[in-house]
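Reader: Hello! I am new to this structure and would love a close look at one part of it. Could you choose a helix, walk me through its surroundings, and then move outward from there?

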Amino acid sequence: MEKYKGIIIITVSFLLALVVGGLLMLLYHVSPIDGYKEMVIGALGNKFVLYSTLARMVPILLTGLSIAISFHAGIWNIGAQGQLYLAAFMVAAMGVTFHGIPSVLYLTLGVSVGLLVGGLWAWIPGYLKVKYNVNEVVLTIMMNSIAVYFTLYMVNGPFRTTEGSLGATNIIDKAMWLKHLNPLSNLNTGIYIALAATAVIIYLMLFSKYGYEWKMSRLNIRFSIYGGVNVKKNLIMAMVISGMLAGLAGTILVMGDYHRFLNGISPGYSWTGMILAMMVNYDPIGVIITSFIYAVMASGGLQMELALDIPQELVQIIFVLSVMFVTAGYSMANRVANRIQEEG
């Protein structure tokens with residue numbers, strides 16, 4: 001039973017949030033069944049909307065995994081937003097600066113730069129944490145601001161687009177564009193890169209010795225050190241991989257979606273990914289499932305509004321309620337477990 005506690009709590013919490021969401025629909029004189037039916041149709045009803053849903057899922061999945069792997073190792077990376085921004089900008093800067101490079105080489109360089117920049121930006125707080133015991137939470141939050149404001153300055157200064165006053169760079173070289181899988185949707189070959197990265201992360205976290213050592217480091221550092229685990233090295237490694245995933249999300253947004261760097265390129269993907277990762281206790285499989293569900297809800301919310309005049313903000317309410325119910329569920333389960341232990 002203990003093994004499935006998390007799954008039960010998350011499932012029940014999500015169903016409760018849907019019930020409350022359904023009650024809110026009644027305030028609009030709309031049947032909850034019709035509301036959720038339109039949501040599913042809007043997200044999965046045909047090939048076009050399915051592709052759009054998957055495109056929406058990609059950055060959330062990558063940032064969710066980014067948070068999951070660092071937390072799995074016991075180090076808090078709150079800086080995914082900054083890593084995403086900085087990597088996205090550097091990729092765009094390369095794309096508007098260099099021309100005439102063969103597409104295959106350009107694509108490889110673009111992804112490599114995104115991974116490198118994201119990883120390096122995360123390495124700084126990781127190194128300072130293990131070397132000088134600097135609080136990584138405060139540091140990564142501060143580094144978010146540095147990265148976001150730096151890119152804001154660059155797109156309003158040296159790299160400002162020549163097409164107007166838009167806070168963005170120029171369009172990157174076409175050789176750097178990821179190919180769209182459907183001309184009517186923004187789903188592109190970046191999803192293959194994201195799936196490959198997901199497979200690597202699942203292997204690292206669940207089936208490799210690194211995943212085991214990360215988990216042991218999080219649960220008991222002294223025991224891990226006594227057992228011969230190089231905790232400092234593992235913490236930095238997890239932090240760097242975490243930053244690389246966030247950087248990859250920014251890279252795909254530039255090379256596949258917008259073809260330029262935009263101010264506000266990430267409307268909170270990292271925070272959404274963080275909440276989803278925390279909901280499933282940093283399990284990579286859980287991150288995949290919740291990312292897909294969130295993408296379905298977000299995509300279907302628009303159809304719900306168009307068809308039934310229900311504000312798509314209702315999706316955010318259901319999402320927040322799910323988080324609240326999961327948090328309350330874990331709290332109640334822990335209290336019950338402690339009481340049973342005390343009475344036993």
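Author: Happy to help; what follows starts at one helix and then moves on to the cores, two loops, the salt bridges and a surface patch. Please keep in mind that this is a predicted model.

Let us begin with helix H13, which covers residues 313-343. With 31 residues at 1.5 Å a residue, H13 should span 45 Å, and because its end C-alpha atoms are 45 Å apart, the expected and computed spans agree. Now look along H13 for the residues that are hidden from the surface. Leu 314, Val 315, Ile 318, Phe 319, Leu 321, Ser 322, Val 326 and Gly 329 are buried in this helix. A general point helps when reading such a list: an α-helix has 3.6 residues a turn, so residues three or four places apart point the same way. What do the buried residues of H13 pack against? Their partners are H1, helix H2 (32-44), helix H11 (269-279) and helix H12 (284-308).

From here we can turn to the nonpolar cores. The largest has 77 residues, and those with the most contacts inside this core are Leu 62, Ile 201, Trp 214, Phe 261 and Ile 265. Helix H10 gives the most to this core, with 15 residues. Leu 62 makes a good place to zoom in: leaving aside neighbours within four places in sequence, Leu 62 is in contact with Ala 194, Ala 197, Leu 245, Leu 248, Ala 249 and Ile 252. Apart from the largest core lies another, of 12 residues, and here we meet our helix again, since its members include Ile 318, along with Ala 17, Val 30 and Met 304.

Next come two histidines in loops. His 29 sits in the loop between H1 and H2, and His 259 sits in the loop between helix H10 (231-258) and H11. Phi of His 29 is near 60°, a positive value in a residue other than glycine, and phi of His 259 is also near 60°. Are they buried or exposed? His 29 has a relative accessible area of 77%, so it is exposed, whereas His 259, at 10%, is buried.

Right beside His 259 in the numbering is Arg 260, which brings us to the salt bridges; the count comes to two. In one of them, the side chains of Glu 163 and Arg 260 meet at 3.0 Å, N to O. This pair links distant parts of the chain, with Glu 163 in the loop between helix H6 (136-155) and helix H7 (190-207), Arg 260 in the loop between H10 and H11, and their positions 97 residues apart. Glu 163 is exposed, with a relative accessible area of 55%, while Arg 260 counts as buried because its value is 11%. The other salt bridge joins the side chains of Lys 129 and Glu 136, at 3.3 Å, N to O. Lys 129 is partly exposed at 23% relative accessible area, and Glu 136 is buried at 5%.

Finally, let us visit the surface. Tyr 4, Ile 7, Ile 8, Val 12 and Leu 16 make a nonpolar patch of about 460 Å². Tyr 4 lies in the segment before helix H1 (5-26), and its relative accessibility of 46% is why Tyr 4 counts as partly exposed. That brings us back to H1, one of the helices against which the buried residues of H13 pack.

How values were computed: Residues numbered from 1 in each chain as written. Predicted model: local features only at pLDDT ≥ 70, side-chain atom pairs only at ≥ 80, totals over all residues. Heavy atoms only, no water. Patch = residues over 30% accessible without salt bridge, like charges linked within 9 Å, V, L, I, M, F, W, Y side chains within 5 Å. Areas by Shrake-Rupley, 256 points an atom, 1.4 Å probe, with all protein chains shown as cover. Salt bridge = Lys/Arg side-chain N within 4 Å of Asp/Glu carboxyl O. Helix = DSSP H or I, 4+ residues; strand = E, 2+ residues; numbered from the N terminus. Buried < 20%, exposed > 50% of the residue type's maximum accessible area, 1.4 Å probe, protein only. Expected span 1.5 Å × (residues − 1). Contact = heavy atoms within 4.5 Å. Core = buried A, V, L, I, M, F, W, Y, C linked by side-chain atoms within 4.5 Å.
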